[in-house]
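Welcome! Open your viewer, get ready to select some residues, and follow along one stop at a time.

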Amino acid sequence: MCGIVGYVGPEKAAPILLQGLKRLEYRGYDSAGLALLNGSGVQVVKRPGKLTSLEKAVSDVRPSGNCGIAHTRWATHGAPNEPNAHPHTSGQGDIALVHNGIIENASDIRTQLSAIGYAFISETDTEAIVHLIDRLWVEGEPLEDAVAAALRRLEGTYGIAVISSRDPGKIVIARNGSPLLIGAGKNGQTLASSDAAAVITITKDVVYLDDGDYAVLDTNGYRINNFHGAQVNRSVHAVTWDIEVIEKGGYEHFMLKEISEQPSSLRNVMRGRLLEEEGDSRLGGIADHQPDLRRVRRVVITACGTSWHAALLGEYMIEELARIPVEVEYASEFRYRNPVLEEGTLVLAISQSGETADTLAALREAKHRGISTMGVVNVVGSTIARETDYGIYLHAGPEIGVASTKTFTSQLVALALITLNMGRRRHLSVVQGGAIVRALQELPVQVEEVLKLDAQIRALAEAYAEARNFLYLGRGFQFPVALEGALKLKEVSYIHAEGYPAAEMKHGPIALIDQDMPVVVLAPRDVVYQKIVSSIEEVRARHGRIIAVVTDEALELEGKVDHIIRVPQTIPLLQPVLTTVPLQLLAYHMAVVRGTDVDQPRNLAKSVTVE
């Protein structure tokens, strides 16, 4: 969500901080600011709105200094205006702080500090932290001691970065529930950020803080302590991708680039993992845990948003081919409803970022109860990746567009690989496994074929750009695709859309259908195809505008639907990959035609790291 960048070193900090903020724009934000130690104090520049407003202000003010912090804010407490923008400063202006997360006891802290004369100028919970640090700072002690003392009084989640003219030349950062990393640079350069994207132009060596860590950064490097002052060591991770990966590469938007990258991202998630002769998958992340997997009697998959839709498909896959009962839980509900987690249960957490707050909390609840945990994440070194007992990476590369596309289809393939692995150790024959492997191998080329439909789908978007509502229908493996297609349209075009099981249409949504209602029907040639045709007839009888996604000529639909989108046929558990892609393209082109902010939709953030 919010983004943090910090820099200390021999170079001018402002350009480096602004560049870092640009790399974090995709996370979603509504204001931005920076603070520099300029030799005579702390200089703060911040503005509401897009980063261009801050860049202009920095150009006008020309702040100086070699040590500073910067922030992009996604509002939780208080409106997106300049007083609420970060950084926040102490009353004397000699301490500046940026913060991701939510401080749950901020109101109590504000009340206590106000009673002894501290004045608050913002509505944020963050301002309480900087005043608390000021209050607890004992003269003669270093900044980090005051920060650690304040952290011990905070309740909630946070990633913070702090500087002060009273102890110049250093940045103090701390983490509890909100991701934060150190960029271990050379030649006296040390950086901090909430995302590796902000530091890789200077260094690819990053150190992820754990919850309960704080670190001191200066030109000599960094040192990490826990909140009680004991020094701790954390591993250095090498970022494996280059800056070009997070550039648009000639595409108008990141979303289109990432939709187009799916043949490559699918190959990456499968690379080295398919065993055709054995009809099996080789998954290094779970290879040492096969005895644990054989003992699994029930799987609970927990996720949020698009990852939750992938989880639904994972349920269908695992139950059908591995014959293990599966439940899918919204992570935000799982953590509060006292779920039944008996021996033999595996909790599988799915998260693109590996930092999703609710999913991480659900995972920790499972671990607290002694339950085995597995992760499916994209970001190497992320918190969920570190805290699960085992799991696999997607290797999809950075996804910058807020609306997930390539990571969704990569999640589906990763779940298919897990299903194959679990199924082969239960009821799945080598012949059945081999058929799945061959279908997986063909998938990237089939996605390339679907991408050739771009012009056809763009024309559809132009035809339906004025629609106010959409309905998406699917059955079986296609029902979660309907949910995901509707979500994508809502996210980027701001058109209201709903996904439904096709058979449930007559239990309510059919009342909405008239000549102004576009209905996207997922109708691959599968075991429920004739049932879907019946649903199409019901929509047609009520004059709905029908867009059918099919897998063959579907001659029986000629004259019964308004538009046909044909995608290649594959086995049922992989068909969702191919029917999802045209829905991604439809959402993208609808957004472009309607003039919305495709890569940074209003009110949304790429990684939801607060509850």
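Select glycine 474 to begin. In this predicted model, glycine 474 counts as buried because its relative accessibility is 0%, and the cut-off for buried is under 20%. You will find glycine 474 in strand β23.

Now add leucine 522 to your selection. It sits 48 residues away from glycine 474 along the chain, yet the C-alpha atoms of the two are separated by 5.1 Å. Which residues touch glycine 474, leaving aside its neighbours within four places in sequence? Show Phe479, Ala482, Tyr500, Pro501, Ala502, Leu522 and Ile532 to see these contacts.

Strand β23 leads us to the next stop, helix α15, whose buried residues pack against β23 (469–474). Their other partners are β25 (518–523), β26 (545–550), β27 (563–566) and α18 (575–594). Select residues 454–464 to see α15, then colour its buried residues: Ile457, Leu460, Ala461 and Tyr464. These residues lie on the same side of α15 because they cover an arc of only 100 degrees around the axis. An α-helix has 3.6 residues a turn, so residues three or four places apart point the same way. Turn to the face of α15 away from its buried side, and you meet the exposed residues Glu462 and Ala463.

For the last stop, select helix α7 (residues 262–270) and helix α13 (residues 406–424). Their axes are 9 Å apart and at an angle of about 30 degrees, which makes α7 roughly parallel to α13. On the α7 side, the contact is made by Gln262, Ser265, Leu266, Val269 and Met270. On α13, look for Lys406, Thr409, Ser410, Val413, Ala414 and Leu417. Colour the contact by type and you should find six nonpolar residues, four polar and one charged.

Technical notes. Residues are numbered from 1 along each chain as its sequence is written. This is a predicted model: local features need pLDDT of at least 70, side-chain atom pairs count only at pLDDT 80 or more; totals for chains, interfaces and linings use all residues. Side-chain values use heavy atoms; hydrogens and water are left out. Buried means under 20% relative accessible area, exposed over 50%, partly exposed in between (1.4 Å probe, protein chains only). Helices (H or I, at least four residues) and strands (E, at least two) are DSSP runs, numbered from the N terminus. The arc is that of the directions from the helix axis to the C-beta atoms. Contact means heavy atoms within 4.5 Å. Axes are lines fitted to C-alpha atoms, for helices over the stretch in contact, and angles run from 0 to 180 degrees between N-to-C directions. Angles under 35 degrees count as roughly parallel, over 145 as roughly antiparallel, 65 to 115 as roughly perpendicular and the rest as oblique. Ala, Val, Leu, Ile, Met, Phe, Trp, Tyr, Cys and Pro count as nonpolar, Asp, Glu, Lys and Arg as charged, and the others, Gly among them, as polar.
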